[in-house]
Structure formats: structure tokens, C-alpha cells
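Visitor: Got a minute to go through a model with me? I'd like to poke around in it.
Guide: Sure, pull it up and ask away.

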Amino acid sequence: MFRSLRNYNYRLFVSGSVVSNVGTWMQRTAQDWLVLELSHGSSAALGVTTALQFLPVVLFGLWGGMLADRYPKRPLLMAAQSLMGLLALAMGVLTITGHAQIWQVYVMAFMLGCVSCVEVPTRQSFVVEMVGRGDLPNAIALNSSTFNLARVVGPAVAGVLIYALGGTGPIFLLNALSFAAVISGLVLMRTSELRTPEPVARAKGQLRAGLRYVWQRPELLMPILLVAFVAMFATSFSMSIALMARQVFGQDASSFGVASSVFAVGALGGALLAARRGRPTRRLLIVGGIVFGVAQIVAGLAPTYAAFLILLVPAGMAMITTNTAANSSVQLAASPEMRGRVMGIYVLVFTGGAPIGAPLIGWVGELAGPRLGVVICGVMCLAGVGLALLLTRFAAGRTRRAVVRGVVAAPGGAR
């Protein structure tokens, strides 16, 4: 389960990530609560904040993946992590001094999204440089485990600290401090042990080449399409946990933190199970997506807060199983010179659905209540799994027909 930790550089990376991820999840909880306070409980404002944080990925995500192919990944990661820390520091100072306004939260969310356009595909494609292809599925699963361990601890700690410290400002400052851990780990790595590929030279048409590369390979296209539909409504579901806790069950900030942590417990369990598996399968991807959709529907109909908490566990487990399997499948199938662009596309679809899903579910929650919003998330997730399979089959058919036409036309020279 922990075989990737035999790599010195990966141990440094994971250690720093645990601390930084805890701070990040503390900040996400504080950000959601701050938005609800500043907007007087508006679910639409919460949806807009989530959308703004992920909108830059839609606009610039493919360019971030291209940069990950062109430049050394470790310096890119250090610069991105430093910028994220500065944004958290600025928001913390504004909140503590009483100057925080809703538009400032919107700006911070958008700027975080801009940095993530480069940071996320770079970080995802950097893993194989630390551990190699043999340990890659295990390393990705352990990354998910640490991420979801932080998701368990961060929201619960944030909920308690918001109450104990009398506000969300100190949470932003603690997150700013947490970035020192991951930056230190990157600085201390042994560069001689990194499996660094040759940077891709700048040339025209590299973005189109990446898109064409994915479209022509079903082993890449299917997991990318499936995670696109699942992630669109997974983001909305995470947002809906706050609305369900506050508006349906009448809970306070600490209870909201507990609900987020329970969801992460399931995700952590799914990630640890993934670490024990070998190469992910197509069936695992499909079953994970279906179970996640069903779990959302049932959670939206939960009669009590206790039942809602219990149902969050299988939902989190199914979500992370799907995401981890898709991530491993894509990285293993991509060639080294294309991996940054492929991961840019993966990150685009993984996070780019939030500007669509989050405002939609927030609007539904505003009109008809959070319960209906959660149920719709589940229904759309199930529909997305079916659409991913249909689109992959359609793309594979077109590719085969194009190859046949090319082979037939080539001898005569007329196309």
C-alpha cells in the first residue's frame, strides 16, 4: 500500500503536501462560511464563488498543461505555491481587519483559479518524475489518500477554530503559513533522482496536437469524459454539503465541518483501497461513477442529519475511486512528451465543469431547496456516465473510419 514512499523525493513531496492540504481545506471551509456570512446565507453567492475559482481552468487550463511540458516542473510548482500563499495571506489580513467584502472573495477565488491552471497539471505530471511508471498508480492513490486525510482534518479543525477564534480570518493566515511545508520539500529534493524528461520545444499547434492525441485514443478519452461528467456534479455536491447542513438541518459551522470531514472519510477509504490495487480497470471507472450518482440521490433524500452523515461515506468512497482510477489510467496511457498537455486536458474537464454545475445547483437550491439540488446532482451524474460511454464509442468509430479511408486512399494518391 505504501511502496511509493521508498522514494526519497516522494516522501518529501507527500510530507509537505499533507500540511499544505490541511491548510487548503481549512481555507475552503472558511471561504464558504465567510461567503455565507457576507451574503446573508445566499446559496447563489456560494455558487458564484465556486464557479469563479474554477472558471480560469476553462479559459486557460490547456495553456497550463502546455507550460508543464515546456518548462521544468519543480520551479513551476515552487512559484505557484508561493503565489497561493500570498493570496491566502492577503485575504486573511482583509478579514481580520474587518475590510473583507464579497467582491474581494470573488477576486481571490478567481486568482486562485488562475494559479491552479499551471499548478495542478504540473503537480499531477510531476509525480511520475519522482516515482517512475512502476509505482505511479500507487503514488497517485497515496496522493489522494493524503489529500482526503487533509479533507477529514481540515474542515473539522476549521469549524472549531472559526468558533473558538471568533471568525474566519485566522484560518486564511494559517493556510498561508502551511505553504512553507510543501515549498521546503520541493527545495530539498535530490534533483539527481528525478526522472526528468526533455522539455518540449516551443512550436505551433501544440494545443491542437494534445487534443487530437486524446481524441484518437479511447484509453485516454473514456476516463477523461467520464471524470468530466462526474466531477461537474461532485464539485456541486461538496458545495451542497454546506447548504444541507445550514439550511436543511439547521447546523452551525462546527457541524458543517464535521459533515465535510465525514464525506472525506469515505474518500480516504476509497483512496487507500485504490493504493492496494494494481492497474485500474474500465469496469472500476464505470461502477464508481454509477455508485457516486446513486449515493448523491439517496443522501439528498436523507430524513435526518445523522442519516445524511452516514450516506456521505459511500458517496466519498465512490467519488475518489472514480477520480483515482481515471487519473492513473490517463497518466499511464500518455507518452512522456504529451503528459503535461494530457493532464492539462484532464484538469480542464475535472475542474472546468464547476462554472456550469455550481451556479446551476446553487440556483436550484435557492428556488427549490438544497435537497432537490443534491438529487439533481446524482441524476445528472448517472446520465453523464452513459454519455461518456456513448461519446467514446462514437469517437472510436470515427477514428477507425478515418484510418480505413486513409489506407484505401493512399495508393491512388487522391484524398
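Visitor: Let's start at helix H7. Which residues are buried there?
Guide: In H7, which covers residues 206–215, the buried ones are Gln 206, Gly 210, Tyr 213 and Val 214. Seen down the axis of H7, those buried residues fall within an arc of 95°, so they line one face of the helix. Bear in mind that this is a predicted model.

Visitor: Noted. How many helices and strands does the protein chain have?
Guide: The count is 14 helices and zero strands. Reading along the sequence, you just get α-α-α-α-α-α-α-α-α-α-α-α-α-α.

Visitor: And what share of the residues is buried?
Guide: 58% of the 415 residues in the protein chain count as buried. The chain exposes about 17000 Å², and carbon and sulfur atoms supply 68% of that area.

Visitor: What about contacts by sequence separation?
Guide: Take the contacts with a separation of 6 or more: residues 24 or more positions apart account for 88% of them.

Visitor: OK, charges next. How many salt bridges are there?
Guide: The structure holds three. Side chains of opposite charge can pair when their charged atoms come close.

Visitor: Which residue does Glu 129 pair with?
Guide: Glu 129 pairs with Lys 73, and their closest N and O atoms are 3.0 Å apart. That pair links distant parts of the chain, with Glu 129 in helix H4 (residues 102–131) and Lys 73 in helix H3 (residues 73–96), 56 residues apart.

Visitor: Are those two buried or exposed?
Guide: Glu 129 is buried, at 4% relative accessibility. Lys 73 is buried as well, with a relative accessible area of 8%. The cut-off for buried is under 20%.

Visitor: What does Glu 119 form a salt bridge with?
Guide: With Arg 123, where the closest N and O atoms are 2.7 Å apart. These two are four residues apart in helix H4, so about one helical turn separates them. Glu 119 counts as buried at 3% relative accessibility, while Arg 123 counts as partly exposed at 27%.

Visitor: And Glu 193, what's its partner?
Guide: Arg 190, with 3.0 Å between the closest N and O atoms. Glu 193 is partly exposed at 34% relative accessibility, and Arg 190 is partly exposed with a relative accessible area of 41%.

Visitor: Switching to Gln 53. Where does it lie?
Guide: Gln 53 lies in helix H2, residues 43–70. Its relative accessibility is 16%, so Gln 53 counts as buried.

Visitor: Which side chain does Gln 53 make a polar contact with?
Guide: The side chain of Gln 31, at 3.1 Å. Setting aside neighbours within four places in sequence, Gln 53 is in contact with Gln 31, Ala 109, Phe 110, Leu 112 and Gly 113.

Visitor: Let's follow Gly 113 from there. What is it in contact with?
Guide: Again leaving aside neighbours within four places in sequence, Gly 113 is in contact with Gln 53, Pro 56 and Val 57. Gly 113 lies in helix H4 and is buried, with a relative accessible area of 1%. The C-alpha atoms of Gly 113 and Phe 60 are 9.6 Å apart, while the two residues are 53 residues apart along the chain.

Visitor: Phe 60, hm. Which residues form a nonpolar patch on the surface with it?
Guide: Val 58, Leu 59 and Trp 63 join Phe 60 in that patch, and together the four have about 380 Å² of accessible area. Trp 63 is found in helix H2 and is partly exposed, with a relative accessible area of 46%.

Visitor: Last stop, Thr 321. Is it buried or exposed?
Guide: Buried, with a relative accessible area of 9%. Thr 321 is found in helix H11, residues 305–333.

Visitor: What does a polar atom of its side chain lie 2.8 Å from?
Guide: The backbone oxygen of Met 317. There's also a C-alpha separation to look at: Thr 321 and Leu 272 are 49 residues apart along the chain, and their C-alpha atoms are separated by 9.4 Å.

Visitor: Great, that gives me plenty to click through.

Definitions and conventions: Residues are numbered from 1 along each chain as its sequence is written. This is a predicted model: local features need pLDDT of at least 70, side-chain atom pairs count only at pLDDT 80 or more; totals for chains, interfaces and linings use all residues. Side-chain values use heavy atoms; hydrogens and water are left out. Buried means under 20% relative accessible area, exposed over 50%, partly exposed in between (1.4 Å probe, protein chains only). A polar contact is a pair of N or O atoms within 3.5 Å; within protein, one must be able to donate a hydrogen and the other to accept it, and residues adjacent in sequence count only if both atoms are side-chain atoms. Contact means heavy atoms within 4.5 Å. The arc is that of the directions from the helix axis to the C-beta atoms. Patches are made of residues with over 30% relative accessible area and no salt bridge: like charges are joined within 9 Å, nonpolar side chains (Val, Leu, Ile, Met, Phe, Trp, Tyr) within 5 Å. Accessible areas come from the Shrake-Rupley method with a 1.4 Å probe; for residues, only the protein chains shown count as cover. A salt bridge is a side-chain nitrogen of Lys or Arg within 4 Å of a carboxyl oxygen of Asp or Glu.
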